[in-house]
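Student: I have this model open on my screen and would like to go through a few of its regions with you. Can we start at the far end of the chain and work from there?

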Amino acid sequence: LVPRDPAYAKCDCKDAQQGCEHVALAVWAFREAETRAGASVVVSLGALAKRDDAQLDKALELASAILRGGVAHAPPNLPSLFLAARAELDKHGFVWPLGAVDDLERAVEAYAARSALYSSREIATLLAELEARARASRASAELPVRYVLGQDEARTTALDKVRLVSLGARVSADGRVRFAHVYLADPDSAMVLVLQKRWDAKEKEEPEDGPALARRDVARGVKLGAIATGQMVSHTVQRKANRELVVGRAVAAPNQVTPQRAEWDSLPPPIFVKSLEEHAAWLKTRPPRALRPRLLAENVHAIAVSAVEDVFYVPAEQELLAKLADGAGNPFYLRVVHRRVAPNAIDATAAALAKPVRFVAGELVRGPLGFELAPTAIAGDEVLAPDVAPPAKAVEVP
């Protein structure tokens, strides 16, 4: 808060008021970073960690078994292989490979259950990631071993009072199960946190869609519809290593959810993107995805909008496509595909784009047309979360 004076440095952990070690670590890290060239560096403090080659053997044995037999013909001892791999990784504190093994097990279970969420590409990506992290931890490379493996990464961090600004929500379905992911920007730490919720429909009960789920709680006293377009102040939250947010219960200081004015241009980079050209240059400084920390919303951003240039509907694909310009005039595309769980998303997005738009938020990816974004929120005079939006007046779109 005061330049060059660490006494006024602010940390978001619970121990910040009594003084925590994170400020000292940050000072050391920035001093070390200043001695190196480049806009983005990875700093390792203290002795470099070395690992025994056998410490990842169980995880690699698991990956090899799935690769050889395929998901459809997985070996009968696959559950015991998952158990052994998790125990080994947990013992050594390898947080990122452990997360990959957990995701791999969920993906294999999704195939067995014939889930609509199953993806063979996800399986291939996870198998490649386990091998990549193992190789990188053995090689003499610029990325420290602890960075690649997430060694000693805090599983959960209890946070002090935080103010989180919503960047919208995404709802999804798998049979009779409904999921919600709310994306919350933390302006102080430049992180996007994810609040997750699952609902299982009871037998003979019709599963709800986005507008109905908007009336449900995602945390104690926090409605999905309110937090998807608002902001929250809380004293009882924890942050997991993958940036998942866990909201606790506190009678004395309940969670407060209020509307927001969508002043997203005050959010720090890389959360806020004014120029996609500059953002593309920043992306090139990141390590490969298979070696980076496993963060749930690392590609969720708020983007400035200077113009809505074109909007049209593709009947064959049941999708709305819009060409927009960012704050520097660079083109990018909004893509909204019809999904039964979000029945009003297309009409709500078309109606919002017919009015002045200041910002859009969502997961930013490279697509056939360039940068593409499936919006989780659109900010004009008010904030709209298309997935949980109520029925909107139809706007004629070519």
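Tutor: Gladly, and please keep in mind throughout that this is a predicted model. A394 is found in the segment after β18, and with a relative accessible area of 59% this residue is exposed.

Student: Which residue is 43 residues apart from A394 along the chain, and what separates their C-alpha atoms?

Tutor: That residue is A351, and the C-alpha atoms of A394 and A351 are separated by 7.0 Å. A351 belongs to helix α10 and is one of the buried residues there.

Student: How many of the nine residues of α10 are buried?

Tutor: Eight of the nine are buried, so helix α10, residues 345-353, is largely enclosed by the rest of the structure. The buried ones are A345, I346, A348, T349, A350, A351, A352 and L353.

Student: And what covers them?

Tutor: The cover includes the strands β13 (307-314), β14 (319-325), β15 (331-337), β17 (370-379) and β18 (383-384).

Student: What about α9, which residues are buried there?

Tutor: In α9 the buried residues are L276, H279 and A280. They cover an arc of only 100° around the axis, which puts them on the same side of α9. The face turned away from that buried side carries E277 and E278, which are exposed. What covers the buried residues of α9 includes β11, β12 (300-304), β15, β16 (359-367) and β17, and β15 and β17 are also among the strands that cover α10.

Student: Just before α9 there's S275. Is S275 buried or exposed?

Tutor: S275, which lies in the loop between β11 (272-273) and α9 (276-283), is buried, with a relative accessible area of 10%. Leaving aside neighbours within four places in sequence, S275 is in contact with D326, A328 and N330.

Student: Now peptide geometry. Where is the cis peptide bond that involves P270?

Tutor: The cis bond runs from P269 to P270, with omega near 5°, and P270 is placed in the loop between β10 (256-259) and β11.

Student: Which residue in the loop between α4 and α5 should I look at for backbone angles?

Tutor: Look at R114 in that loop, where phi is near 55°, a positive value in a residue other than glycine. R114 is exposed, with a relative accessible area of 79%. R243 also has a positive phi, of about 75°, although R243 is not a glycine.

Student: Is R243 buried or exposed?

Tutor: R243 counts as buried at 17% relative accessibility, because the cut-off for buried is under 20%. R243 lies in the loop between β8 (237-240) and β9 (244-247), and, not counting residues up to four places away in sequence, touches E153, M191, V192, L193, V194 and L295.

Student: Let's switch to the helices earlier in the chain. How do α2 and α3 pack?

Tutor: The axes of α2 and helix α3, residues 78-92, come within 8 Å and cross at roughly 150°. The two helices are therefore roughly antiparallel to each other, and their crossing is left-handed. In the contact itself, D57, K58, A59, E61, L62, A65 and I66 in α2 meet L78, L81, F82, A84, A85, E88 and L89 in α3. By class, these residues divide into 10 nonpolar, no polar and four charged.

Student: What other helix does α2 meet?

Tutor: Helix α2 (residues 57-69) also packs with helix α5 (residues 120-138), and their axes come within 10 Å and cross at roughly 145°. That crossing is left-handed. A59, L60, A63, I66 and L67 in α2 meet L127, L130, E131, A134 and R138 in α5, a contact with eight nonpolar, no polar and two charged residues.

Student: And α3 with α4, at what angle do they pack?

Tutor: At about 160°, with the axes 9 Å apart, where α4 spans residues 95-112. Helices α3 and α4 are therefore roughly antiparallel to each other, and the crossing is left-handed. L78, F82, A85, R86, L89 and D90 in α3 meet P97, L98, V101, D102, L104, E105 and V108 in α4, and by class this contact has nine nonpolar, no polar and four charged residues.

Note on methods
Residues are numbered from 1 along each chain as its sequence is written. This is a predicted model: local features need pLDDT of at least 70, side-chain atom pairs count only at pLDDT 80 or more; totals for chains, interfaces and linings use all residues. Side-chain values use heavy atoms; hydrogens and water are left out. Axes are lines fitted to C-alpha atoms, for helices over the stretch in contact, and angles run from 0 to 180 degrees between N-to-C directions. Helices (H or I, at least four residues) and strands (E, at least two) are DSSP runs, numbered from the N terminus. A crossing is left-handed if the near helix is turned anticlockwise from the far one by less than a right angle, and right-handed if clockwise. Contact means heavy atoms within 4.5 Å. Ala, Val, Leu, Ile, Met, Phe, Trp, Tyr, Cys and Pro count as nonpolar, Asp, Glu, Lys and Arg as charged, and the others, Gly among them, as polar. Buried means under 20% relative accessible area, exposed over 50%, partly exposed in between (1.4 Å probe, protein chains only). The arc is that of the directions from the helix axis to the C-beta atoms. Angles under 35 degrees count as roughly parallel, over 145 as roughly antiparallel, 65 to 115 as roughly perpendicular and the rest as oblique.
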